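Trainee: Could you take me through one part of this structure in detail? I would like to look closely at the metal site and the ligand beside it.

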Amino acid sequence: SLQHKDANLHPLWKGPLDVPGGSRQSPINIRVRDSVFHPNLAPISTQYDPNTCLHIWNNGYSFLVEYDDCTNKSVVSGGPLENPFRLKQFHFHWGVNNDWGSEHTVDSKVFPAELHLVHWNCTKYRTFEEAVMEDNGLVVIGVFLKLGRRNEKLQKLVDILPSVRYKDALTEFNYFDPSGLLPACSDYWTYSGSLTTPPLTESVTWIIMKKPIEVDHSQVILVHQVFVTDL
Ligand SMILES: NS(=O)(=O)c1ccc(B(O)O)cc1
Ligand SMILES: [Zn+2]
């Protein structure tokens, strides 16, 4: 019962967006008082093998940490999910300053940044690219970031960012456990939505963690230094 923002009011895209049949566009504002508690909904279970980490690259919009998705070594399951979904990549969304950045909001509160862990339905589809375009293709876990204590688990990632400062840069990154980026509290909201950037396909089951993780100023500043336009 979480209302969906009209695709044309999407905070990031200016101008008309003719998303065919856009009836469940993400991001949305999560109105906590409208959410319904389901006591029989199982907890979300993540099993990530840090050795499946491949590399980090800058696609010009964000930096992505990509994982080897040829096995079920790194998957999310449980919660509303009928089968495991394989981790493909994670990335962040942030703003030009610290008071703007997250895509989803909670009772209209914006967080400085938002982490997205992208998984695909390896039972129903053969590849990630196929799953992106299909019903029940993806599960994205969203985690809010807030300014606070230094996050030691994030530092290894922050330290390598200067090596992917420019669009299309890619660096080998072969051991990273993304479960260190999940909050200790396992409470979450879930809704059926879409990708938040083109192709905006409505193939996503969103799992938004209720509690943010904390990062300190020095860690956010480094994130802001990525994507200086190509010289
Ligand atoms: N921002 S998001 O997690 O909704 C997302 C994930 C993947 C892609 B994609 O691979 O095109 C686009 C947006
Ligand atoms: Zn995203």
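Mentor: Here is a walk through the zinc ion and ligand 1.

This is a predicted model, where local features need pLDDT of at least 70, side-chain atom pairs count only at pLDDT 80 or more, and totals for chains, interfaces and linings use all residues. Residues are numbered from 1 along each chain as its sequence is written, chains are lettered from A and ligands numbered from 1 in the order in which they are written, and side-chain values use heavy atoms, with hydrogens and water left out.

Start with the metal. The zinc ion is ligand 2. His91 (NE2), His93 (NE2) and His116 (ND1) coordinate the zinc ion at 1.9 to 2.0 Å. Donors here are N, O and S atoms within 2.8 Å of the metal (3.2 Å for Na, K and Ca); water is not among the atoms, so sites may look incomplete. The site has 4 donor atoms, with angles of 99 to 114°, and is tetrahedral. For four donors, that word requires all angles to lie between 85 and 135 degrees.

Now follow the chain. The donors have the spacing H-x1-H-x22-H. His91 sits in strand β6 and His116 in strand β8, 25 residues apart, so the pair links distant parts of the chain. Strands (E, at least two residues) are DSSP runs, numbered from the N terminus. His91 is buried, at 12% relative accessibility. His116 is buried too, at 2%. Buried means under 20% relative accessible area (1.4 Å probe, protein chains only).

Next, ligand 1. Around ligand 1 there are 13 residues, and the closest are His91, His93, Leu195, Thr196 and Thr197. A residue counts as near if one of its heavy atoms lies within 4 Å. By class, this shell holds 7 nonpolar, 6 polar and no charged residues. Ala, Val, Leu, Ile, Met, Phe, Trp, Tyr, Cys and Pro count as nonpolar, Asp, Glu, Lys and Arg as charged, and the others, Gly among them, as polar.

Look at the nitrogen contacts. A polar side-chain atom of Thr196 lies 2.8 Å from a nitrogen atom of ligand 1. For His93, a polar side-chain atom is 3.2 Å from a ligand 1 nitrogen. For His116, a side-chain N or O atom is 3.4 Å from one. Taken alone, ligand 1 exposes 350 Å², and the protein buries 85% of that. Such areas come from the Shrake-Rupley method with a 1.4 Å probe. Strands β6 (85-94) and β8 (113-120) each give two or more residues to the shell. The largest share, 3 residues, comes from β6.

Terms used: Polar contact = N/O pair within 3.5 Å; in protein donor to acceptor, adjacent residues only side chain to side chain. Helix = DSSP H or I, 4+ residues; strand = E, 2+ residues; numbered from the N terminus. Tetrahedral: all angles 85-135°; square planar, octahedral: opposite > 155°, others 65-115°. Buried < 20%, exposed > 50% of the residue type's maximum accessible area, 1.4 Å probe, protein only.
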